[in-house]
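Biologist: I would like to learn how the words used for a protein model are earned. Could we take them one at a time?

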Amino acid sequence: MSENLKTIRELAEELGISKTAINKKVSDSERKQWFSKKGNRFLVNETGQNAI
């Protein structure tokens, strides 16, 4: 099962909002569940994308 991961930037552009808006909306506990770090990029899993 491979999840459809997107960077915060890709998700922000798709939703027409800023990366800052996403970061302000997501709580610390949600961040732990939805975000993973690959290199210097944060990736948002599909569950997180749907919730945001």
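Modeller: Here is a friendly walk through the terms, each set against its rule.

Modeller: This is a predicted model, where local features need pLDDT of at least 70, side-chain atom pairs count only at pLDDT 80 or more, and totals for chains, interfaces and linings use all residues. Residues are numbered from 1 along each chain as its sequence is written, and side-chain values use heavy atoms, with hydrogens and water left out.

Biologist: What makes β2 and β3 a pair of strands?

Modeller: Strands are DSSP runs of E with at least two residues, and helices are runs of H or I with at least four, numbered from the N terminus. Two strands pair if DSSP finds at least two bridges between them. Four bridges join β2 to β3 (residues 41-44), so the rule is met, and the two run antiparallel. Phe35 has Val44 as its bridge partner in β3, and Lys38 stands opposite Arg41.

Biologist: How do you know that β1 and β3 pair?

Modeller: They share two bridges, again in the antiparallel sense. Lys6, found in β1, stands opposite Val44 in β3. The three strands form an open sheet in the order β1-β3-β2. β1 (6-7) and β2 (35-38) stand at the edges with a single partner strand each, so one side of each is left without a neighbour in the sheet.

Biologist: Why is the pair of Phe35 and Phe42 called tilted?

Modeller: Rings of Phe, Tyr and Trp (its six-membered ring) pair if their centres lie within 6.5 Å; planes under 30 degrees apart count as stacked, over 60 as edge-to-face and the rest as tilted. Phe35 and Phe42 lie 6.4 Å apart, centre to centre, with 50° between the planes, so they pair and are tilted. A search of the whole structure finds one aromatic pair.

Biologist: Why is Phe35 called buried, and what is Phe42 called?

Modeller: Buried means under 20% relative accessible area, exposed over 50%, and partly exposed in between (1.4 Å probe, protein chains only). Phe35 has 11% relative accessibility, so it counts as buried. Phe42, at 40%, counts as partly exposed.

Biologist: What makes the link between Lys6 and Glu14 a polar contact?

Modeller: A polar contact is a pair of N or O atoms within 3.5 Å; within protein, one must be able to donate a hydrogen and the other to accept it, and residues adjacent in sequence count only if both atoms are side-chain atoms. The side chains of Lys6 and Glu14 are joined at 2.3 Å, so the distance passes. Lys6 is itself buried, with a relative accessible area of 16%.

Biologist: Where is Gln49, and what does its side chain reach?

Modeller: Gln49 is in helix α4 (residues 46-51). Its side chain reaches the backbone oxygen of Asn4 at 2.6 Å. Gln49 is buried too, with a relative accessible area of 11%. Leaving aside neighbours within four places in sequence, Gln49 is in contact (heavy atoms within 4.5 Å) with residues including Lys6, Leu11 and Val44.
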